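Colleague: Could you take a close look at one part of this model for me, the strand around the pocket and whatever sits next to it? I'd like one connected walk-through rather than a list.

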Amino acid sequence: MASLKIKKGDTVKVIAGKDKDKEGKVLSVNVKKNTVVVEGVNMVTKHQKPTAANQDGGIINKEAPIQISNVMYLHKGQPTRIGFKFDGDKKVRVAKKTGETID
């Protein structure tokens, strides 16, 4: 399976959809479905039954997953594509716009 270019904890910008131009931190990545959950983006309303953790239940707002192709990595505040490069024997992510190593 190919490795994805966006990881948990990255700061991304939404480039398509109803939340276009919003920025946020990636909370989770689903490799099988190619989706990401971004903080404060694609908010949905969910009706939740009372549980032991949430005694009241009710209507809650939460983030829903969006397609990974609809987000772009932010490097120093600028959206950029990501490539891979070998640094010695280690594979690292590289920002295409600046050529700098990300991690």
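Modeller: Sure, and keep in mind that this is a predicted model. Let's start at a ring: the charged end of Arg93 sits over the ring of Tyr73, 5.6 Å from the ring centre. There's a second contact of that kind, with the charged end of Lys91 over the ring of Phe84, 4.5 Å from its centre. Ring against ring is another story, since the count of aromatic pairs comes to zero.

Tyr73 is a handy way into the pocket, as Tyr73 is one of the residues lining the largest pocket. About 180 Å³ of space lies in there. Going along the chain, the lining takes in Leu4, Lys5 and Ile6, then Ile68, Ser69, Val71, Met72 and Tyr73, and finally Thr80, Arg81 and Ile82. By type, that's seven nonpolar residues, two polar and two charged. Strand S7 gives the largest share of the lining, three residues.

So much for the pocket; now the strand itself. S7 covers residues 71-75 and pairs with S8 in the antiparallel sense, over three bridges. One of the residues to look at here is His75, whose bridge partner in S8 is Gln78. The loop between S7 and S8 holds Lys76, and the phi of Lys76 is near 55 degrees, a positive value in a residue other than glycine. Most residues other than glycine have a negative phi, which makes that loop worth a look on your screen. Asp21 has a positive phi too, near 75 degrees, and is found in the loop between strand S1 (11-14) and strand S2 (23-30).

Zooming out, S7 and S8 belong to an open sheet of six strands, in the order S6-S3-S2-S1-S7-S8, with antiparallel pairing. The edges are strand S6 (66-67) and strand S8 (78-80), each pairing on one side only. In that order S7 sits between S1 and S8.

As for the chain as a whole, there are 10 strands and zero helices, so the run of elements from the N terminus is β all the way through. The overall dimensions fit in here as well: the radius of gyration is 17 Å, where a compact globule of 103 residues would be near 13 Å. Along the principal axes, the C-alpha atoms fill a box of roughly 55 × 30 × 20 Å.

Technical notes:
Residues numbered from 1 in each chain as written. Predicted model: local features only at pLDDT ≥ 70, side-chain atom pairs only at ≥ 80, totals over all residues. Heavy atoms only, no water. Pairing = 2+ DSSP bridges. Helix = DSSP H or I, 4+ residues; strand = E, 2+ residues; numbered from the N terminus. 1 Å grid on protein atoms, 1.4 Å probe; cavity = no way out; pocket = protein on both sides within 12 Å on 5 of 7 lines; lining within 4 Å. Points joined across faces, edges and corners; volume = space filled by probe spheres on them. Nonpolar A, V, L, I, M, F, W, Y, C, P; charged D, E, K, R; others polar. Phe/Tyr/Trp six-rings, centres within 6.5 Å; stacked < 30°, edge-to-face > 60°. Lys NZ or Arg CZ within 6 Å of the ring centre and 35° of its normal. Rg over C-alpha atoms; globule rule 2.2 N^0.38 Å.
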